[in-house]
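Q: Got a minute to walk through this one with me? I'd like to start with the overall make-up and then get into the packing.

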Amino acid sequence: MYTNRAVGMAYVSPFLIGLALFLLFPFLASLGLSFTDYRLQDRWSEARFIGADNYTQMFADHTFRKSLWTTLIYVLITVPLKLVFALFIAFVLNFKLRGINFFRTAYYLPSILGGSVAIAVVWRYVYAGDGLINQALTLAGFGTVNWLGEPSTALVTIILLRTWQFGSAMVVFLAGLQGIPQDLYEAAKLDGAGPWRTFSRVTLPLLTPVVFFNFIMQSVQAFQEFNGPYVVTGGGPLKSTYLLPLMIYEEAFKYFDLGYASAISWFLFVLIGVITAIAFTSQRYWVFYAQDRERAP
Amino acid sequence: MRAVAPSAPVRPSTPAALSNPASLRPPALGQFARLLMNLGPTLRYSVLIGIGFLMLYPLLWMVAGALKPNHEIFSGIGLIPQAPTLEGFAKGWQTSTEYTFTTYFLNTFKIVLPKVVLTVISSVLVAFGFARFHLPGRRLWFGLLIATVLLPKSVLLIPQYLMFREFGWLDTFLPLYVPSAFATEGFFVFMIVQFMRSFPPEMEEAAVIDGCNSLQVLWHVVVPVIMPAVISVALFQFMWSMNDFLGPLLYLSSVGNYPISLALKMSIDVTEATAWNEVLAMSTLALLPSLLVFFFAQRYFIEGVTLGSVKG
C-alpha cells in the first residue's frame, strides 16, 4: 500500500542483513569448508583445499553409513507414527465433546515441553534399568528390558519420546478438521455414505493440505533430531542411536574435523532438500486444495 | 429419518474426491470406524482419558519423584509419596558444583529475555515491510524467508561458530541472541505477515491521510491490531529458547555461564547412579516457567500454530 520503496527496504533490511550474515554466508561457507581439510583450532587461512576427498571418505565410512541408515529408519518410523496419532486424536476430539479444551491442552502439553533437556533427562530415567517402565513391567508380571543398553531398543526410546510430542501436529489437524464445511458431511450422509466412507472420501481429501504441511514440518524436524540421542542415549549403545546431526556435532566439536563435518552437514541438507522437493512435486497427485473444488464442475 | 433414497442424484457440491477410485476401503478399518461411531461418547471419552493418562504419567511421575526420598522412587511407581520431602529440591538446588541453580536460572533469563524482545521487534518491522510495501525483489526475499524455515540448522552451525569465534564472542551470551535482532527465524515473520494480511489496510490509509508517517502507523494502528500474533511469537520464542540446548552447548564453556539446560545435562552425568530425586526436582523446576506460561496463555499457542499453517 505504501509506495516509497526506500522506506520499505528499510523495514525489511534487518532480515536482509541477517540473511546475508547469519544464513547465506554460513550456508555457502560450509559448502566451501566441505572441500577442505580444516581443523577446529586452525585460522581461516589455514584451510587446505582437498577436492571431494571428504565426500569420498564419507561414503566409505562405516560410521557414516550406519548413521545415515539409523537416521532414515528413525524418520521413517517417527513421522508416520506421529501423524497417525495426531490425526486419530484430532479426529476423536472433533466430535463435539464436552471438555475438548481440557483434552486439547493435555495432549498439546508434551509437545510444548518435549524439546527441553529436562524432558530428555526424565526420559532417560523412565527407561532406565530400574526406571518407571521397567517397574511397571515387573508389576504387570513381565520381565524387564534393558531399553537404553540394547542396540535394538535404544532407538525405540527416542522414537517414543518424539511420537509422544504429536500435540502440535494434532492442533493443526484439529483446526483443519474444524475448517471442513458441514454441508459436505450432510451431502455425504444423504448419499448414504457410512462413517469410513465419509472419512476416506470427504474428510481425508479435504485434509490433505494439512497432512502435507504436517508431513513437511515433521520430517524436516525429525532429520535434525539432536537433543534426544545426545541426552538420552549419548548416541549409543554401539552407535544404534547415532543420528546424523549428532555425528556432525561430534566430528566437528569432539574430533575437530570441520571439513568432514561440513561435508556430512551438506549431505544432510541435500537429503532433506530432495525429500522436500519430491513432496512438493507430488502435491498435485494427492493434495486437494479448496480452490480446485471451486473450479471443479 | 431418511427422506432421500440412496439413488438420489449426486449434489453438485460433492467433492471430486468422492468419486476417486484410488482410495480403497480396508474392511478392518471400516469396522473400527463404525465401532467408534456406534459406541459413541463413552468409548471416545475412555480412549481420550486412557491415552491422555498414559501420556501425562511420565510428567506426573517426575513431579512425584521430586517429592519422594530417593529410595522410594525405586520401590514403586505410585504417584503419592509415602514420606513427602523437599530434600530433592534443597539438595538439587545446591548442585555438586560451586554454583547453585540461582546462577543457572539467571543465566537462562539473560539469554531468553533479550532473545524474545529482539525477535518480536525485528519480526514486526520486517513483517510490516513485507505485508504493506511494494519492494524490489519482494517475491525472492519472501521466498528465501520461507526457505529458511526448512533449512536444516546443522548446515549453518560450523561457519557460524567460526564467525562468532572471530568476533571474540565465545563463552558469552551474544551468539545466542544477537542473530534474533535480524529476524533470522522466518517462521515468526511469516506468522505476522499472515496475520497482517487478514486485515484490510483502510485504517492505516486513514492514518496516513491524517499525516502519520509509516512508523507512527505501525505503532499506533498496526501493532494494536496484530497483538495476538505478536504475543504468539513472543511465547513461542520464549518456549523454544528455554528449551534450546545445542546453542549453549556450542558457545558456552564456563560452568558459571551455563543455563538450566546445560546444568541439567551436567547433573545427570554427575549424579546418575544416586540422587534421582534431586535431578527430577530440578527438571520439574526447569519446566515450571514454560508450564506456567503455557497454562496462562495457551490460546495464543494454539492460534499461533494454526496461523502458520492452515490459513497459510
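**Chat notes**

A: Sure. Chain A has 14 helices and 2 strands. Keep in mind that this is a predicted model.

Q: OK, and how many helices and strands are in chain B?
A: Chain B comes to 14 helices and 0 strands. Going along the sequence, the pattern reads α-α-α-α-α-α-α-α-α-α-α-α-α-α.

Q: What box do the C-alpha atoms of chain A fill?
A: Roughly 75 × 70 × 35 Å, taken along the principal axes.

Q: What percentage of the residues in chain A is buried?
A: Buried residues are 46% of the 297 residues in chain A. For chain B, the figure is 39% of 312 residues.

Q: And what about contacts between residues 24 or more positions apart?
A: In chain A, such pairs account for 71% of the contacts with a separation of 6 or more. In chain B, they account for 75% of the contacts with a separation of 6 or more.

Q: Switching to the contact of the two chains: how many residues does each chain put in?
A: Chain B gives 91 residues and chain A gives 95 residues.

Q: Which element supplies the largest share of chain B's side?
A: Helix α1 of chain B, residues 27-66, with 15 residues.

Q: How do the residues on that side of chain B divide by type?
A: On the side of chain B that touches chain A, there are 62 nonpolar, 20 polar and 9 charged residues.

Q: Now the core. Which residues touch the most other members of the largest nonpolar core?
A: That core has 157 residues, and the ones touching the most other members are A86(A), M170(A), I264(A), A127(B), V189(B) and I192(B). As a general point, nonpolar side chains tend to be buried together in soluble globular proteins.

Q: Let's take M170(A). What is M170(A) in contact with, leaving aside neighbours within four places in sequence?
A: M170(A) contacts A86(A), I89(A), A90(A) and Y107(A).

Q: Next, helix packing. At what angle do α8 and α10 of chain A pack?
A: About 165°, with the axes 9 Å apart; α8 covers residues 167-178 and α10 covers residues 195-223. That angle is over 145, so α8(A) and α10(A) are roughly antiparallel to each other.

Q: Left-handed or right-handed crossing?
A: α8(A) passes α10(A) in a right-handed crossing.

Q: Which residues make the contact?
A: From α8(A), they are A169(A), V172(A), F173(A), G176(A) and L177(A), and from α10(A), L207(A), V210(A), F213(A), N214(A) and Q218(A). By type, the residues of this contact are 7 nonpolar, 3 polar and no charged.

Q: What about α6 in chain A, which residues are buried there?
A: In α6(A), residues 132-139, the buried ones include L132(A), N134(A) and Q135(A). G141(A) follows α6(A) and has a positive phi, near 90°.

Q: Last topic, F173(B). Where is F173(B) found?
A: F173(B) is in the loop of chain B between α6 (154-166) and α7 (174-177).

Q: Buried or exposed, and why?
A: F173(B) counts as buried because it has 20 C-beta neighbours inside 10 Å, and the cut-off for buried is 20 or more.

Q: What does F173(B) touch, not counting residues up to four places away in sequence?
A: F173(B) touches K110(B) and I111(B).

Q: And how far apart are F173(B) and E205(B)?
A: F173(B) and E205(B) are 32 residues apart in sequence and 41 Å apart in space, going C-alpha to C-alpha.

Conventions: Residues numbered from 1 in each chain as written. Chains lettered and ligands numbered in written order. Predicted model: local features only at pLDDT ≥ 70, side-chain atom pairs only at ≥ 80, totals over all residues. Axes fitted to C-alpha atoms, helices over the stretch in contact; angles between N-to-C directions. Helix = DSSP H or I, 4+ residues; strand = E, 2+ residues; numbered from the N terminus. Parallel < 35°, antiparallel > 145°, perpendicular 65-115°, else oblique. Left-handed = near helix turned anticlockwise from the far one by under 90°. Contact = placed C-beta atoms within 7 Å. Nonpolar A, V, L, I, M, F, W, Y, C, P; charged D, E, K, R; others polar. Buried ≥ 20, exposed ≤ 12 C-beta atoms within 10 Å, placed from the backbone. Core = buried A, V, L, I, M, F, W, Y, C linked by C-beta atoms within 7 Å.
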